[in-house]
Amino acid sequence: MKLTQHTVRLVLAEPLRISRSTMTARDAVRFTLEHEGLSGHGEAVTSVFYGLDTPALQRLAARTGERLTRFAAPETALHALRSGELTAADTPAAVTAATEAALLDLVGKRSATAVHRFLGSSVAPRAATARTISLTSPGRAAVQARGLAGAGFSVIKIKAGDTDPEADLARVRAVRTAAPAARLLLDPNGAWSEAQARTLLPRFADLGIEAVEQPLAPGDPEALARLAARSPVPVIADEDAVTYEDARRLAGRVHGINVKLAKCGGVHAALRIAALIEGSGTDLMLGCLTASTLGIAPAVHIADRARWTDLDGHLLLAHDPWTGIGGDDGFVEANGRPGLGVRPRAEAGPRSAAS
């Protein structure tokens, strides 16, 4: 097998402002595995929070490519990846996830099987995805919410963590008025202290917030568990739940865990966490980083396992170079094509609602 890489700039349609930063673009490194005339693809994106820049991703992709040459077939490489024998111990989760995605795509194409089928789902998963509204004015948030509801979105995630909490409340109030039937999720990205959260969450509960992601600064999961025990709305761990061990410590102590393939290490790692928390009282949320359809697709193939689905990273882009999972109508969906079922948009023709 041969691994090649290609880097593209993913530009957002508009800046995404959260409590700790504002993002306008990020780089995506595509991993392409070639074997016996077929190609499988995966994607890793840069992340300041996780300490991954473009040169690091490119260097790690090259190192992974060298290790893949030891394997005669993608099936054996995939087994080695899942047993921890393929990637080096210091390989970031995002690189492992992209490598696994390329292998899954290639193995699926070799067997003419969609990825969700050999992950145990006979029916292609289809899920209502949340759509994110960033830290913006209440008026702008209302306009966005009204448009999203009209397009078919039934779940809206609202960023919080403004320096003035009243601005957050005004934003949520505006979204609730503009999209009264929508399920609302709140995400302060760790901006609050425990005392602030205890004061604010009852007020957000009165506005009909369904759940709140990582209200406290990461690094103190015990504080998050304490807050969850008394919170009037479900508390979902995100930045405090990166690894399997993180999930084990929080299982049954928070209401949800946001599993992102780029932070846990891919589909197999995500399914291990899902199995771990099943029946514990902690539900699964599937999240993502801002990425193209290629980067989001592996999570869509397990979207039927989640209570909350937040797979809108590709919908935030000015131009998505890939197609195949939809999302513009509020739903992401796997399809019956072999592998991940995605393809470069240039090969798919004009964009349509079904793409």
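A crossing of two helices is called right-handed if the near helix is turned clockwise from the far one by less than a right angle. Keep that in mind for a moment, and bear in mind too that what you're looking at is a predicted model.

Now find helix H1, residues 54-68, and helix H3, residues 93-110. Their axes come within 10 Å and cross at roughly 50°. Angles from 35 to 65 degrees fall in the oblique class, and H1 and H3 are therefore oblique to each other. As for the hand, H1 passes H3 in a right-handed crossing. Which residues make the contact? From H1 come Leu57, Leu60, Thr64 and Leu68, and from H3 come Val95, Thr99 and Leu103. Sort those by class and you get 5 nonpolar, 2 polar and no charged residues.

Back up toward the start of the chain and you'll meet some hairpins. Strand S1 (residues 2-18) runs antiparallel to strand S2 (residues 21-35), with 13 bridges between them. Just 2 residues make up the hairpin link from S1 to S2. To get your bearings on that ladder, look for Leu10, whose bridge partner in S2 is Arg26. S2 then pairs with strand S3 (residues 38-45), again antiparallel, over 8 bridges. Here Glu34 has Ser39 in S3 as its bridge partner. This hairpin also has 2 residues between its strands, and Glu36 takes a positive phi near 50° there.

Further along, the pairing switches to parallel: an open sheet of 8 strands, in the order S5-S6-S7-S8-S9-S10-S11-S12. Where does the sheet end? Its edge strands are S5 (130-133) and S12 (308-309), each pairing on one side only. At the S12 end, 2 bridges join S12 to strand S11 (residues 283-287), and Leu286 stands opposite Thr309 in S12.

Helices pack on this sheet as well. Helix H5 (residues 138-151) touches S5 and strand S6 (155-159), and its direction makes about 160° with that of S5. Helix H6 (residues 165-178) touches S5, S6, strand S7 (183-187) and strand S8 (209-213), with its direction at about 160° to that of S6.

H6 is also a good place to look for a salt bridge, one of 26 found in the whole structure. The side chains of Glu166 and Arg203 meet at 2.8 Å, N to O. Glu166 sits in H6 and Arg203 in helix H7 (residues 194-206), so this pair ties together parts that are 37 residues apart in sequence.

Methods:
Residues numbered from 1 in each chain as written. Predicted model: local features only at pLDDT ≥ 70, side-chain atom pairs only at ≥ 80, totals over all residues. Heavy atoms only, no water. Axes fitted to C-alpha atoms, helices over the stretch in contact; angles between N-to-C directions. Helix = DSSP H or I, 4+ residues; strand = E, 2+ residues; numbered from the N terminus. Parallel < 35°, antiparallel > 145°, perpendicular 65-115°, else oblique. Contact = heavy atoms within 4.5 Å. Nonpolar A, V, L, I, M, F, W, Y, C, P; charged D, E, K, R; others polar. Pairing = 2+ DSSP bridges. Salt bridge = Lys/Arg side-chain N within 4 Å of Asp/Glu carboxyl O.
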